[in-house]
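Hi,

Here's the structure I said I'd pass on. Have a look at it first, and then read my notes underneath.

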Amino acid sequence: MHFPDPTTPAKCPSELADEAQTTTIRAAAGIALKNALSARTILTLPAEPKERVKQDVLRALASPSQKAGGVAAQIVAAIAAVELPNSQWPEIIEILLRFMDGPDNVSLKIVTLQAIGYICETIKLEILSMRSNEILTAVIHGARKEETSVDVQLAAINALYNSLEFVRDNFKREGERNYIMQVVRGDTKPLTILGMKHPEKSISLQAVEFWSTVFEEEIELAIEASEAAEYGEAPETESKNFAKIALPEILPVLLGLLTRRDEDADEDEWNVSMAAATCLVLLAQTVADAIVPAVIPFTEANIKAADWHQREAAVMTFGSILDGPDPMILTLLVTQALPILVDMTRDENLLVKDTVAWTLGRICDLLLVVLKPDEHLHPLISTLVNALEDKPRIVANCCWVLMNLRDQLGSFYEEEGPTLSSGPLAPYYEGIATATDIESNFRTSAYEALVSYVTHAGPESITVVPNTALAILSCMEHLLGMQNQLLGIDDRNNWNELQSNLCSVLISVVRKLGDGIEPLEDQIMTVFLSLIQSSKTSTVLEDAFLVVGTMAAALEVKFSPYIQAFLPFLYPALKAHEDTQLCTVAIGVIGDISRALGERSVQYAGPFMSVLLESLSSETLNRNVKIPILSCFGDIALAIGPGFEPYLDHTMNMDYELVDYVSQLREGILEAYTGTVTGLKNTEKVQLLLPYVQSMLELVQRCLADEEWPESVARLSLGLVGDLADAFPNGEIKQLLLAEWLAQILFLGQKTCRICAKVGSSHGPYPVDQRIATALRC
């Protein structure tokens, strides 16, 4: 046999078909042959040697060696892709279909389906249109659930995927489409279950995540069905309840995967056991009560196993099913499990303790009603506090449990009335606050928990709050004193992180105490002015400025003594246009100071407005920062009232037709207008607004002319109209308020009617339409 390419061995076809040769040699011969069979070679090869090649390749296709047969399938497809468009080898389709109908040769069926898929993927539709139904029948026959080989089913599904364009017309016919999808769905379950068990991590992960996607979709469909039922409608798509159908087969596999957790694996690397746990959480949400009897035997059998893998999997299973089933079904189980879980926080294995802490957090977050304060709180909180000295990952989860305990249990008792606002957690406040003031790799979690406890402290625990402030200030003073000892970037980053965490706690303290922070005001401001002066890190400066703004809001006019010392640090931050976040925070502090001092802030209004207007015209400042600047104009105007007169023209003549962020920009301008109008109405300077009323109403008209305006813009727009009506009750702007567009919006638009009823004056309760009607009667 002679090939046009002299480098191709003449014996390649026979070597491929030779069952006596090793699989490696046969596969290599097949690949060499395939590479030599270019379109020109196939078409110019004499008939007799070409026929021998085909016969050898077809014999290889039927080989017990699937690897050799797989290479042969590629060669068959390569020859067919050239000859079929040239009206040659038409019998190949008939041959392949006979192979599918022949003896129960699994390997032959698999490689035949591969060859069919390759051919359909490369051949134009019209060339085989007459055989499309037969080909599709053969493929679907291999995918049926009656097929005993999962490998054949998988090959059939792959062939169908490769031939989707080829069978497009079949999918257009509803009956055929439904049958095809029914077969595919019936085939998917065994394939994916086999995939989940696969030792190859990537394959197992894909199979698990396939089912996670199915469960997520069914959860969404259940939500849509519930919403549709509220309106007496049928959902657009009906759930097929694949989760409930597949539960008996999928669940054991997932539970088995949970035991494959690697003790030495990177905790940030996504692995099969993590994917299985996530899938189990979604499965519980999907099938609800049905999950409970299916998993409890596994949990009970393994919770005290000698192998830590079994113990950890048992706890993970229990924690994963807490969201979905009826709480009444879970109540007894959780009550029985709590003492065991609390005891397991002292397990010798780190991963078991980590999962136990996570499960306790889920219980505190999802099943509040199960906790019996007299019975459960003391051992639970004592265990969590002790665990705060454990490894960082344990500390993080324990802090999460404490936060859930405070947020859920605390809010439950707050609903009982003010006398119970501290609830059963009151005796533990001081111990928890002291314990969470720790320094570890996970100190952020600890301080987040501390913030939660400070924020929700009730009358019985309020004394803990100023004590917490003193501890925080002491720590900050210590940190300030050790700045010169920081040797490297890691030391500096840790220092910055700790300062930011301390700032967040102190903000919660100041907000909680309000003007009760006065005894500590000097110490706080001294520490923070020193921090601002010494810090060069933007994030620390941002947090420190937020503390100062919170102090201004709490102290109001009593904040005055600290302003002169603070302003030299505020102005550079306002001019740091390249630092978007710092500049934004600094703008917010101006608003805090203006609101706190009220009319007394008039002496600072000039410098404030000057630097804000400079920022507004800056080309380097991120344009999104300009929106809070506009809102800040409103804060200043509202604070100083008539004193805002010198800045009126700058505020009222702003361009509000900038693309991309028009909606946000308009909100900022509307807030500025509203603050200005409210600050000047009921004063002798109100007449200064008259030249600007028409332009303000034009902005309102433009805002409400958009078909999809957000409700926040509508509220501001209608609120501004109402404030203008209040400001000129004697008919000065009557003609403007009689505009047809405004009447249509106020009295004819259903959406605005609902909003009008909710929008009152900045200082009064009357709806917009009533306030306008009052102005129109004059």
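Let's start with helix H25, where Glu521, Ile524, Met525, Val527, Phe528, Leu529, Leu531 and Ile532 are buried. What covers these residues? The cover includes helix H23 (464-481) and helix H24 (489-513), along with helix H26 (538-555) and helix H27 (563-574). H25 itself runs over residues 521-534, 14 residues in total. From its first C-alpha to its last, H25 reaches 20 Å, close to the 20 Å expected at 1.5 Å a residue.

Before you read too much into any of this, keep in mind that the model is predicted. The chain averages a pLDDT of 82, and 87% of the residues score at least 70. Two stretches to treat with care: over residues 1-9 the pLDDT stays under 50, and the model has 19 contacts for them beyond four places in sequence. Residues 656-660 are also below 50, with 13 contacts in the model beyond near neighbours in sequence.

The other thing I looked at is the second largest pocket, which has a volume of about 410 Å³. Its lining is made up of 19 residues, and Arg261, Met274, Met316, Asp354 and Arg393 lie nearest the centre. Sorted by class, the lining has ten nonpolar, four polar and five charged residues.

Which helix gives the most to that lining? That's H14, with five residues. H14 (272-287), H16 (308-320), H18 (350-366) and H20 (392-414) each supply at least two residues of the lining.

Shout if you'd like to go through it together.

Cheers

Technical notes: Residues are numbered from 1 along each chain as its sequence is written. This is a predicted model: local features need pLDDT of at least 70, side-chain atom pairs count only at pLDDT 80 or more; totals for chains, interfaces and linings use all residues. Side-chain values use heavy atoms; hydrogens and water are left out. On a 1 Å grid over the protein atoms alone, a cavity is a set of points where a 1.4 Å probe fits but cannot get out, and a pocket is an open set with protein on both sides within 12 Å along at least five of seven lines; lining residues have an atom within 4 Å of a point. Grid points are joined across faces, edges and corners, and a volume is the space filled by probe spheres set on the points. Helices (H or I, at least four residues) and strands (E, at least two) are DSSP runs, numbered from the N terminus. Ala, Val, Leu, Ile, Met, Phe, Trp, Tyr, Cys and Pro count as nonpolar, Asp, Glu, Lys and Arg as charged, and the others, Gly among them, as polar. The expected span of a helix is 1.5 Å times one less than its number of residues. Buried means under 20% relative accessible area, exposed over 50%, partly exposed in between (1.4 Å probe, protein chains only). Contact means heavy atoms within 4.5 Å. pLDDT is the predictor's confidence in each residue, from 0 to 100.
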